[in-house]
Amino acid sequence: MKSHHILLRLTLLALSCKKDDPVAPTDPTPIYPDSIRAGQETGVGIHYVDFSPDLAFNVDPRGGMLSDSIEIDMDANSTPDFMLTYYHSSFYQLGSTTIDLQIRPLSNNKVCVASDTDLVAPLLLNDSISSSNNWSGSKVLLYSYNWSMSGSSSTDGNFGGNDSNNDHYIGVQIDHDGHPCYGWIHLHGIEMDKYAITTEYFDQ
């Protein structure tokens with residue numbers, strides 16, 4: 001009978017130990033902001049970069065450097081997300097001038113475009129950037145200028161070329177492990193001076 005009491009006590013002790021065992025923590029679920037405002041620099045889940053000095057294209061129409069590209073890794077994962085390309089025809093090309101500025105999304109990323117066009121949408125400060133914008137995964141035009149000595153000239157695009165007063169933002173969408181992250185790029189004339197992108201965060 002005594003042995004039965006000892007066995008019962010041991011069983012109860014084992015059960016009480018099991019109740020006190022710590023529960024293994026579960027990995028927190030990341031949260032992705034579903035929008036950002038053009039020009040937004042702060043906030044939960046916002047990664048902001050300000051270039052000093054600005055990123056400039058290495059183009060010299062007098063010296064033969066006619067084209068250059070800048071790759072941007074906005075989410076800092078060592079993989080470029082977008083490529084901006086600038087072309088300026090040679091000053092020694094008599095009779096005409098061509099200037100062209102484009103942005104090309106890399107991988108599965110996208111650029112915000114104006115409705116029913118292949119032009120980058122000229123977003124203003126505080127414009128919302130989200131899934132409701134118009135998006136394109138193709139190379140799209142920021143600005144172009146063509147001049148001929150015959151007297152004809154034409155411009156296209158919404159970013160004004162070298163006009164540093166043209167204060168517009170490029171809306172972008174980055175595919176991060178199947179989750180869309182939204183952001184913006186700001187150009188000062190034809191130089192890139194800052195950008196921001198939404199990133200995952202965890203609820204505390």
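## W184 and its aromatic partners

In this predicted model, W184 has a relative accessible area of 0% and is therefore buried, since a residue counts as buried when that value is under 20%. Its partner Y169 is likewise buried, with a relative accessible area of 4%. The two residues form an edge-to-face aromatic pair, in which the ring centres are 5.3 Å apart and the planes stand at 90 degrees to each other. Because Y169 belongs to strand β11 (residues 169-176) and W184 to strand β12 (residues 179-188), this pair ties together parts of the chain that are 15 residues apart in sequence. Y48 joins Y169 and W184 in one aromatic cluster.

## A tilted pair between distant strands

The structure holds five aromatic pairs in total. One of them brings together F51 and Y195, whose ring centres lie 5.7 Å apart and whose planes meet at 50 degrees, so the pair is classed as tilted. This contact links distant parts of the chain, as F51 sits in strand β2 (residues 46-55) and Y195 in strand β13 (residues 191-198), with their positions 144 residues apart in sequence. Y195 has a relative accessibility of 5% and so counts as buried.

## The six-stranded sheet

The strands that carry these aromatic residues also appear in an open sheet of six strands, which follow the order β2-β13-β12-β11-β6-β8 with antiparallel pairing. At the edges stand β2 and β8 (135-136), each of which has a single partner strand, so that one side of each is left without a neighbour in the sheet.

Within this sheet, β11 and β12 run antiparallel and are joined by eight bridges. One position along the pairing can be located by V172, which stands opposite G183 in β12.

## The five-stranded sheet

A further open sheet consists of five strands in the order β3-β4-β5-β9-β10, and its pairing is again antiparallel. Here the edge positions are taken by β3 (67-72) and β10 (153-157), and because each has a single partner strand, one side of each is left without a neighbour in the sheet. On average, neighbouring strands of this sheet are turned by 5 degrees against each other when direction is ignored.

The edge strand β3 pairs with strand β4 (residues 82-88) in the antiparallel sense, and six bridges connect the two. In this pairing, S69 stands opposite T85 in β4.

Conventions: Residues are numbered from 1 along each chain as its sequence is written. This is a predicted model: local features need pLDDT of at least 70, side-chain atom pairs count only at pLDDT 80 or more; totals for chains, interfaces and linings use all residues. Side-chain values use heavy atoms; hydrogens and water are left out. Rings of Phe, Tyr and Trp (its six-membered ring) pair if their centres lie within 6.5 Å; planes under 30 degrees apart count as stacked, over 60 as edge-to-face and the rest as tilted. Helices (H or I, at least four residues) and strands (E, at least two) are DSSP runs, numbered from the N terminus. Buried means under 20% relative accessible area, exposed over 50%, partly exposed in between (1.4 Å probe, protein chains only). Two strands pair if DSSP finds at least two bridges between them. Axes are lines fitted to C-alpha atoms, for helices over the stretch in contact, and angles run from 0 to 180 degrees between N-to-C directions.
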